[in-house]
Amino acid sequence: MRLGEVLATLDPKDLARPTGCVPWTVAELLAHVRTGAGRLIDMLAAPPPNGTLVDAAGYFGAAKFTPEVDAARIESARAESARIEAARGVAHAEAGRIEAAGAEAARAEAAPVVAVPVEAARVGVARGGAAQAGDGRVDCDGKRLDSEGTGWRAGLGEDFERAWRAALAAVEAYPTDRVVRTRHGDAMTVTEFLRTRVVEVGVHGLDLAVALDRPPWLTTAASRVIADLLTAGRSLPAELGWDRLTLIAKVTGRMPCSPAEQAALARVGLPLLAFGP
């Protein structure tokens with residue numbers, strides 16, 4: 001998954017960047033995407049709901065994204081991002097303590113040892129446990145970090161990968177027509193809900209690429225799923241001349257549509273879906 005690969009390259013300055021999904025930072029948008037990627041686990045654990053089924057396009061209906069719903073979603077991502085940052089702060093504090101202990105052990109080992117075998121043994125253990133493998137820092141999973149902190153950056157990607165792999169494992173335990181209840185209260189098949197997950201990760205991946213000043217990493221397979229959902233299978237007017245990335249960016253509001261483009265979309269009855277932050 002390309003998003004996981006990108007996460008392994010980010011540093012704290014990248015995470016603090018603003019995004020087009022105001023008011024989220026990169027860190028907060030990532031928290032939203034991660035939560036969405038793992039949402040199916042709890043949904044599948046609940047009993048199948050009754051009621052009329054909603055498809056992926058219905059999930060993004062304008063009536064679903066009220067100001068109250070958007071406000072709750074924004075705050076939820078901020079809270080999750082703050083929780084992750086707090087855990088990271090604890091890990092960095094512990095890393096600092098271990099690094100200081102390693103430096104002290106190194107100084108003690110360099111000094112002459114005068115008939116203090118027990119203390120010498122203690123210093124050797126401290127150095128072996130704290131001062132080897134880079135500068136001795138560890139992340140919140142206990143992984144060692146080198147002097148550039150690449151282990152910590154890799155942890156972001158690993159965390160996202162764990163979330164989507166756990167969701168995939170949960171999905172594979174049920175038939176594809178298993179019905180789940182969404183956070184909006186709708187009944188959807190797992191297959192249709194998975195289409196919304198491709199949209200969430202793919203479209204917000206475009207948002208992240210812009211915020212990080214990187215080329216978009218949307219896969220061809222994901223762009224097909226998203227474009228098909230956005231167009232309801234309709235062919236676009238030839239005069240638009242859009243590729244899939246342009247279609248996705250314009251129909252989801254990431255790029256503005258000119259009056260002529262809006263008129264062309266209206267002529268083919270393209271349904272406009274609602275996308276929050």
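Helix axes here are lines fitted to C-alpha atoms over the stretch in contact, and the angle between two of them runs from 0 to 180 degrees between N-to-C directions. With that in hand, let us walk through this model, which is a predicted one.

A word on confidence comes before the details. The chain has a mean pLDDT of 78, with 66% of its residues at 70 or more. Over residues 113-152 the pLDDT falls below 50, and this stretch makes 60 contacts in the model beyond near neighbours in sequence.

Our main stop is helix H10, which covers residues 220-231. Its twelve residues reach 16 Å from the first C-alpha to the last, close to the 16 Å expected at 1.5 Å a residue. Which of its residues are buried? They are Ala222, Ser223, Ile226, Ala227, Leu229, Leu230 and Thr231. It helps to recall that an α-helix has 3.6 residues a turn, so residues three or four places apart point the same way. The buried residues of H10 pack against three helices: H5 (56-59), H9 (190-211) and H11 (244-251).

Alanine 221 also sits in H10. With a relative accessible area of 47%, alanine 221 is partly exposed, because that class lies between the 20% limit for buried and the 50% limit for exposed. The C-alpha of alanine 221 is 9.7 Å from that of valine 198, although 23 residues separate the two along the chain.

Now turn to the partner helix H11. How do H10 and H11 pack? Their axes are 10 Å apart and make an angle of about 45 degrees. This angle is neither under 35 degrees nor in the range from 65 to 115, so the two helices count as oblique to each other. Their crossing is left-handed. On the H10 side, the contacts come from Thr220, Ser223, Arg224, Ile226, Ala227, Leu230 and Thr231. These residues meet Arg244, Leu247, Ile248 and Val251 of H11. Several names return from the buried set, including Ile226, Ala227 and Leu230.

Look next at the loops on either side of H10. Most residues other than glycine have a negative phi, and most peptide bonds are trans. Aspartate 213, in the loop between H9 and H10, has a positive phi near 55 degrees and is not a glycine. Is aspartate 213 buried or exposed? Its relative accessibility is 65%, which is over 50%, so aspartate 213 counts as exposed. Following H10 comes alanine 232, in the loop between H10 and H11. Alanine 232 also has a positive phi, about 55 degrees, without being a glycine. Alanine 232 is partly exposed because its relative accessible area is 48%.

Finally, go back towards the start of the chain, to helix H2 (residues 12-15), where aspartate 14 has its place. Aspartate 14 is buried, because its relative accessible area of 10% is under 20%. Leaving aside residues up to four places away in sequence, aspartate 14 touches Thr9, Val26, Leu212 and Arg214. After H2, the loop leading to helix H3 (26-37) holds proline 23. What kind of peptide bond joins valine 22 and proline 23? It is a cis bond, with omega at about 10 degrees.

Terms used: Residues numbered from 1 in each chain as written. Predicted model: local features only at pLDDT ≥ 70, side-chain atom pairs only at ≥ 80, totals over all residues. Heavy atoms only, no water. Helix = DSSP H or I, 4+ residues; strand = E, 2+ residues; numbered from the N terminus. Buried < 20%, exposed > 50% of the residue type's maximum accessible area, 1.4 Å probe, protein only. Expected span 1.5 Å × (residues − 1). Contact = heavy atoms within 4.5 Å. pLDDT = per-residue confidence, 0-100. Parallel < 35°, antiparallel > 145°, perpendicular 65-115°, else oblique. Left-handed = near helix turned anticlockwise from the far one by under 90°.
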